[in-house]
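Colleague: Please take a close look at one helix packing in this model. Begin with the chain as a whole, and end with the places where the coordinates deserve caution.

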Amino acid sequence: MLRAVSGFIFPFAFLFLCSSFQIGGISGRKPIKVRTLIIDPGHGGLYPGTRGLISTEKDVTLDISLKLGEAVKNKFPDMKVVFTRTTDACVNNATNLHDDLHGRAEIANQAKGDLFISIHCNSTRQPPGGYYEKRVIGHKKKLAYVGRGSKKRKKWINAPIYESYWVKNMRVGTETYVWKADRNTKKGDAINERDENGEDITDSSEESFDLSSPEARMRAQLYEKKYFDNSALFATLVEQSFVTAGRESYGVKQRDVGIQVLQATGMPSVLIEVGFLSNKEEEEYLNSNDGQDEVVQDIMDALKRYKDQLEGSPDTIEAAPANTTQQ
Ligand SMILES: [Zn+2]
């Protein structure tokens with residue numbers, strides 16, 4: 001689950017009005033290969049994430065992530081898959097959330113990932129499954145104590161009659177987050193360590209670390225733009241896949257804070273909320289083999305289309321706009 005923080009969620013439809021995606025971000029560039037995929041199962045170890053009636057987020061995200069990794073290895077044997085965790089543990093055995101999240105980004109950056117997929121489950125703020133609420137269904141005369149201290153006395157009052165009723169957690173569906181570019185954060189550093197062809201230039205150019213120089217800033221801006229476009233493209237394809245599979249979709253959203261793991265990765269990166277553990281049926285779906293396989297297949301379909309578009313001709317292919325609902 002992605003805890004709401006003091007950020008804003010930008011209606012993604014606006015972006016589609018402003019510009020269509022140029023694959024690869026900047027036209028004329030040679031196609032980008034998706035060689036290394038980073039899969040990040042959300043939470044783990046000390047941090048269970050959200051809880052449903054029968055499961056916790058850290059377990060569901062690990063199951064789905066491992067299956068996704070298997071599917072990628074089978075379908076794209078040339079693609080390298082790197083997991084941030086493969087067991088129920090904090091990343092690098094971190095003992096605090098900061099180290100855990102930064103450990104994930106570090107693994108991704110060290111592996112020189114071409115795409116980062118973080119898997120999460122969603123939840124409403126209410127108890128999983130549902131909860132009881134009370135409503136007044138009438139009144140009855142009742143003897144009750146009124147007043148305080150020496151003025152306390154018994155009196156007939158009109159007391160409300162309550163009835164408890166069950167409120168089911170109905171909210172279901174998926175949403176995918178991308179990071180809003182801001183070159184003053186860690187992403188600027190990670191981006192700046194790569195040259196125009198996506199190669200690591202840490203050793204060859206000291207200047208590339210200096211974000212204060214105008215060239216470095218321009219470079220960071222350029223690459224944030226590139227990663228943003230491809231992050232948004234992949235996120236859009238993921239949500240389109242979910243919609244095609246009949247899932248409810250809240251669409252693609254961007255955030256500027258609160259998604260630390262996306263902020264620190266120097267590559268296109270998305271955070272997929274694969275469904276609500278707070279809804280009984282969706283939790284069962286996300287815990288079932290069929291449900292997990294379907295989620296994996298939806299992400300695989302998106303990955304295939306993303307790869308095709310990126311590795312095809314960058315000047316001729318444009319992504320279709322997202323056909324998803326917005327909040
Ligand atoms: Zn989560």
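**One helix pair and its setting**

Modeller: Of the 327 residues in the protein chain, 40% are buried. The model is a predicted one. Its chain has 8 helices and 9 strands. Among contacts with a separation of 6 or more, 79% join residues 24 or more positions apart.

The packing to look at is that of helix 2, residues 57–75, with helix 8, residues 289–311. Their axes come within 9 Å of each other and cross at roughly 50°. An angle under 35 degrees would count as roughly parallel and one from 65 to 115 as roughly perpendicular, so helix 2 and helix 8 are oblique to each other. The crossing of this pair is right-handed. On the side of helix 2, the contact is made by Asp 63, Ile 64, Lys 67, Leu 68, Ala 71 and Lys 75. Helix 8 contributes Gln 292, Asp 293, Val 295, Val 296, Ile 299 and Met 300. By class, the residues of this contact divide into 7 nonpolar, 4 charged and 1 polar.

Away from that pair, two single residues show how distant parts of the sequence meet. Lys 280 lies in helix 7, which covers residues 280–287. Leaving out residues up to four places away in sequence, Lys 280 touches Leu 53 and Gly 129. From Lys 280 to Lys 168 there are 112 residues in sequence, but the C-alpha atoms of the two are 8.6 Å apart in space. Lys 280 has 18 C-beta neighbours inside 10 Å; 20 or more would make a residue buried, so Lys 280 counts as partly exposed.

Trp 156 belongs to strand 6, residues 153–168. Apart from neighbours within four places in sequence, Trp 156 is in contact with Lys 141 and Leu 143. The C-alpha atoms of Trp 156 and Ala 144 are 6.3 Å apart, with their positions 12 residues apart in sequence. Trp 156 is exposed, because it has 10 other C-beta atoms within 10 Å and the limit for that class is 12 or fewer.

Two backbone angles should also be checked. Asn 92 is not a glycine, yet its phi is positive, at about 55°. It sits in the loop between strand 3 (80–83) and helix 3 (97–110). Asn 93 also has a positive phi, near 55°, and is likewise a residue other than glycine. The loop between strand 3 and helix 3 holds Asn 93 too. In burial, Asn 92 is partly exposed because 15 other C-beta atoms lie within 10 Å, whereas Asn 93 counts as exposed because it has 11 C-beta neighbours inside 10 Å.

Last comes confidence. The chain has a mean pLDDT of 79, and 71% of its residues reach 70 or more. Over residues 4–28 the pLDDT is below 50, although the model gives this stretch 52 contacts beyond near neighbours in sequence. Residues 314–327 also stay under 50, and there the model has 42 contacts beyond four places in sequence. Where pLDDT is low, predicted coordinates should not be read in detail.

Note on methods. Residues are numbered from 1 along each chain as its sequence is written. This is a predicted model: local features need pLDDT of at least 70, side-chain atom pairs count only at pLDDT 80 or more; totals for chains, interfaces and linings use all residues. Helices (H or I, at least four residues) and strands (E, at least two) are DSSP runs, numbered from the N terminus. Two residues are in contact if their C-beta atoms, placed from the backbone, lie within 7 Å. Axes are lines fitted to C-alpha atoms, for helices over the stretch in contact, and angles run from 0 to 180 degrees between N-to-C directions. Angles under 35 degrees count as roughly parallel, over 145 as roughly antiparallel, 65 to 115 as roughly perpendicular and the rest as oblique. A crossing is left-handed if the near helix is turned anticlockwise from the far one by less than a right angle, and right-handed if clockwise. Ala, Val, Leu, Ile, Met, Phe, Trp, Tyr, Cys and Pro count as nonpolar, Asp, Glu, Lys and Arg as charged, and the others, Gly among them, as polar. pLDDT is the predictor's confidence in each residue, from 0 to 100.
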